[in-house]
Protein chains: 2
Amino acid sequence: MAQGRRQTGAGRGVTMRDVADRAGVGLATVSRVVNGVSGVAPELAEKVREAARDLGYRHDATASSLRRADRRTDTVALVLEDVANPFSSALQRAITDAAAERGIMVLSGSSDENPSRERDLVETFTARRADGLIVVPTGRADDALRAARIFGTPLVAVDRMVDLEGVDTVTVDNREGTAAAAARLHAAGHRRVAYFGDQPTIWTADERLAGFSDIFPVGPATPVRRGLSSVQAAEHAAHEALASPEPPTAFVSGQNLITIGIRRALQEAGLEHRIALVGFDDFPLADLLTPGVSVIAQDPARLGLEAARLLFARLDGDEGPARHCVVPTRYIARGSGEIPAPSARP
Amino acid sequence: MAQGRRQTGAGRGVTMRDVADRAGVGLATVSRVVNGVSGVAPELAEKVREAARDLGYRHDATASSLRRADRRTDTVALVLEDVANPFSSALQRAITDAAAERGIMVLSGSSDENPSRERDLVETFTARRADGLIVVPTGRADDALRAARIFGTPLVAVDRMVDLEGVDTVTVDNREGTAAAAARLHAAGHRRVAYFGDQPTIWTADERLAGFSDIFPVGPATPVRRGLSSVQAAEHAAHEALASPEPPTAFVSGQNLITIGIRRALQEAGLEHRIALVGFDDFPLADLLTPGVSVIAQDPARLGLEAARLLFARLDGDEGPARHCVVPTRYIARGSGEIPAPSARP
DNA sequence: TTGAAAGCGATACCAT
DNA sequence: ATGGTATCGCTTTCAA
């Protein structure tokens, strides 16, 4: 059987007018029944529902929102860094769930850290008249977001701060979390500690490095590598660091892919039990590796929930000043971060 | 600064009419310019673009599709099992990328293996007039999908087969892949092998079990556990199996969460080097564990791409008979599946 | 080449 | 309580 656009008389093309005619009522009455407006005689309502069923009527949300006074589409859009990243997908899941409770759908796309892709996405989403936007911004001075704000679409920046007044934000305590983890390494005797981070354009990358530097000011003993954005790049850089005359006794990573890359290099060199490693952002199976990977864990579900709440408040008419929500991180000791410096070993 | 709906005169509420008036041209001309229809005098077109820029005009894709002859919304919808699952998010990513190339957006939602949630999602998506649907069906006789087909929205089922004529499908060779892996265990001397699988309502769960049974017919030596759908459940079941008088010498898992649960139990019992484990579906870091986890790997990106292709062909007017695309799996030996049976050990 | 006008499917006002 | 009708923002004839 072929899959055609119009294979049966039912479905496509059946409008409220058709339903009204078949039920022998006015167009407005059908609209009331479909929208569950009270004040329609029960028997009429039943007749309408029957006609709708017979004809295979399907409500057109598109036309509905066009005519509606509030112009709502009951859709919010989500611009992530990469849907396939576990952090992003946990965020998406939390937001989608929160939205579903209100009967709101979620559109999403990946910017891949590319400002022009981000711009395209924001443009497409506003063209589709999303009621609101939740964005993981690619940059601090974000053009795409500025455009959306001018257009008037409520907007929440999540995971990263942005230099735009009046934008609600949700972030984690990147600096404090990283500093606390670094302090633990310091207490365990580490003095030669390498920091591997993401691209400096990303706000979180700056914050985390700052937290690290609070404990280990950058110097010859504390090499800093930035601009790492894939497992392979981090793995390669870690191999280089291990091959240097005075290799670090510990690594701090600013991102989960980097953490995995470093760990991969350590395992290849057979050093995972001798060199400490702490990563920012938890990842699945970190606890099943031996030794387990200690991390500064974020709570992406919580982040998403707070972002959704902020956005929904705006959708509900909140016109107050911008709010900034900071979600705490949590250090999870699994072993790799608890390896002491050689000097401190018995 | 407050975040209002209408904080500047620009943006919201600016229609083509406004642009037309400011540019001193007709409404139709603006429409032509915006849609890039050739045949407008260059100077007029420039005037229109300028007016649009000045007023902060944003095209309304909603109204556009309503009036357009083909009624296209340039949106396809995706019903996944759980966006947060790596398999699902890889699928989503591949489909979103393929769609983006054609200027198509992707709506998505998670059914959580719940038929009524699936139904809601399909309903919402068709109400939003998605041009097409890609669904990971929760059941074989899927009501939600039947409804969508009657409505006439092109539909592709991915990952799982469905008892509905005329529906395009993309799956992997579940049975063959599992049988091949089981055969390897048999060759390595294993005779007491446990199979842990997902809920029997899921088509893939049946297929994979069938593949296992092709090599190890179900009997006392080959216990089968079904209905496992979380890491915890699998872990618990694995502990039980290990505590039995004659524990299996190998495990075969029908799903990635189950694989992880079994592995967790093995590590807790200190048996990960003595009892073999092969899982269906690869997962991140499977190679970093010691021993690495051998898997029957699917290629979710490929699955998504094929599904998108099938759907786009329908959108392009293909009315041919339903097509079924089968993507091959690949066994990846990492160690856990290569542990020989004790009887076969020197 | 350009513009006026009809109408996509639904909502909301205003009569009845 | 119910129905007629103007209208949402846009595309698409059809005339000029």
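**Exercise 1.** Which polar backbone atom is 3.5 Å from a base nitrogen of DNA strand C?

*Solution.* The model is predicted.
Step 1. Start with the base nitrogen of DNA strand C: its partner, at 3.5 Å, is a polar backbone atom of A:Ala63.
Step 2. Add a base contact from chain B: a polar side-chain atom of B:Arg32 is 2.6 Å from a base oxygen of DNA strand C.
Step 3. Turn to the phosphates: a phosphate oxygen of DNA strand C lies 3.4 Å from a backbone N or O atom of A:Ala69.
Step 4. Place these contacts on the protein: H2 and H4 of chain A, together with H2 and H4 of chain B, are the elements that give two or more residues to the surface near DNA strand C.

**Exercise 2.** Describe the residues around DNA strand C.

*Solution.* Step 1. There are 29 residues around the strand, and among those that come nearest are A:Met16, A:Tyr57 and B:Arg67.
Step 2. On the DNA side, sugar and phosphate make up 58% of the strand C atoms within 4 Å of the protein.
Step 3. Sort the residues by class: 13 are nonpolar, 8 polar and 8 charged.

**Exercise 3.** Find polar contacts to the phosphates of DNA strand D.

*Solution.* Step 1. From chain A, a backbone N or O atom of A:Gly26 is 2.9 Å from a phosphate oxygen of DNA strand D.
Step 2. From chain B, B:Tyr57 places a polar side-chain atom 2.5 Å from a phosphate oxygen of this strand.
Step 3. The side chain of B:His59 has an N or O atom 3.4 Å from a phosphate oxygen of DNA strand D.

Methods:
Residues numbered from 1 in each chain as written. Chains lettered and ligands numbered in written order. Predicted model: local features only at pLDDT ≥ 70, side-chain atom pairs only at ≥ 80, totals over all residues. Heavy atoms only, no water. Polar contact = N/O pair within 3.5 Å; in protein donor to acceptor, adjacent residues only side chain to side chain. Near = heavy atom within 4 Å. Helix = DSSP H or I, 4+ residues; strand = E, 2+ residues; numbered from the N terminus. Nonpolar A, V, L, I, M, F, W, Y, C, P; charged D, E, K, R; others polar.
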